[in-house]
Amino acid sequence: GPRLGEIAPLVSNWFLPSNWLGLAVIWTLLKVLHEAGHAASAAKAGAPPREAGITLLYFAPLAYVDLSATWRLSSRTARIITALAGVYVELLVAAVALLAWSFTTNPVAHWWLANIVLLSGVNTLLFNLNPLARLDGYFVVADLCDEPNLGPRGRADLHRRLLRVLFGPH
């Protein structure tokens, strides 16, 4: 079977224009599945999305679901599970693609399955779980901190730390 070291050459070819359309299709499908995971989880928790559609995020069209109703759920665990449901779906897709990749010897299948693994695994871990962007990780951290908006708290903490650095502890 293939070795994990075979992914390295893929990265050098990843951004070639000949690969863009395929990557865009894979990414779009992953994001639709990601949002469907959120929607299914929210509906199961009793807070179905009020709206779903397409939006522009970071200059790219993306599927979205409105999960604002989940903030009314009394269970913090249900809110966090719903916030992470898209990540679960993408990591499941990555795992299935990696498993399929390990059982095939077709180079074209290797290429596209590796792209799926990279896009679904790396993308969701680097972007969706990043608590500094208002994506899934942000909402999990906000819920864990009992803060619906982390901005004021973060700015106050930064201000306090800057004062301490500039003027010492007081």
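**Salt bridges, a buried lysine and two nonpolar groups**

Let me begin with Asp66 and Arg50, whose side chains meet in a salt bridge with an N to O distance of 3.3 Å, where a salt bridge is taken to be a side-chain nitrogen of Lys or Arg within 4 Å of a carboxyl oxygen of Asp or Glu. This pair links distant parts of the chain, with Asp66 in the loop between strand S2 (60-65) and H3 and Arg50, 16 residues apart from it, in the loop between H2 and strand S1 (52-57). For the element names, helices (H or I, at least four residues) and strands (E, at least two) are DSSP runs, numbered from the N terminus.

Before I go on, please keep in mind that this is a predicted model, in which local features need pLDDT of at least 70 and side-chain atom pairs count only at pLDDT 80 or more, while totals for chains, interfaces and linings use all residues. Residues are numbered from 1 along each chain as its sequence is written, and side-chain values use heavy atoms, with hydrogens and water left out.

Staying with Arg50 for a moment, this residue is called exposed because its relative accessible area is 59%; the scale is that buried means under 20% relative accessible area, exposed means over 50%, and partly exposed is what lies in between, with a 1.4 Å probe and protein chains only.

How many salt bridges does the rule give? The count comes to 7, and as general background, side chains of opposite charge can pair when their charged atoms come close.

A second bridge joins Asp146 to Arg76, with the closest N and O atoms 2.6 Å apart. Here too distant parts of the chain are linked, since Asp146 sits in the loop between helix H5 (136-144) and H6, whereas Arg76 is in helix H3, 70 residues apart. Asp146 counts as exposed at 55% relative accessibility, while Arg76, at 30%, counts as partly exposed. Salt bridges that share partners join these two residues with Arg79 and Asp143 into one network. If you look at the backbone of Asp146, you will find a phi near 55 degrees, which is a positive value in a residue other than glycine.

Now to Lys31, in helix H2. Is this lysine buried or exposed? It is buried, because its relative accessible area is 7%. Lys31 forms a salt bridge with Glu90, and the closest N and O atoms are 2.6 Å apart. The two partners lie 59 residues apart, Lys31 in helix H2 (residues 17-45) and Glu90 in helix H3, and so they link distant parts of the chain. Glu90 counts as buried as well, at 1% relative accessibility.

The side chain of Lys31 also makes a polar contact of 3.3 Å with that of Asn128; by polar contact I mean a pair of N or O atoms within 3.5 Å, where within protein one must be able to donate a hydrogen and the other to accept it, and where residues adjacent in sequence count only if both atoms are side-chain atoms. Leaving aside neighbours within four places in sequence, Lys31 is in contact, meaning heavy atoms within 4.5 Å, with Leu62, Ala63, Glu90, Asn123 and Asn128.

Let me turn to the nonpolar side. The largest nonpolar core has 5 residues in all, namely Ala97, Trp101, Leu113, Ala114 and Val117, a core being a set of buried Ala, Val, Leu, Ile, Met, Phe, Trp, Tyr and Cys residues joined through side-chain atoms within 4.5 Å. Helix H3 (76-103) and H4 are the elements that give two or more residues to this core, and the largest share, 3 residues, comes from H4. Not counting residues up to four places away in sequence, Leu113 touches Ala97, Ala100, Trp101 and Thr104. His110 also lies in helix H4 (residues 107-128), and is buried at a relative accessible area of 14%.

Finally, on the surface, Leu158, Leu162, Val165, Leu166 and Phe167 make a nonpolar patch of about 590 Å². Such patches are made of residues with over 30% relative accessible area and no salt bridge, like charges being joined within 9 Å and nonpolar side chains (Val, Leu, Ile, Met, Phe, Trp, Tyr) within 5 Å, and the areas come from the Shrake-Rupley method with a 1.4 Å probe, where for residues only the protein chains shown count as cover. Within this patch, Phe167 has its place in helix H6 (residues 150-167) and is exposed, with a relative accessible area of 64%.
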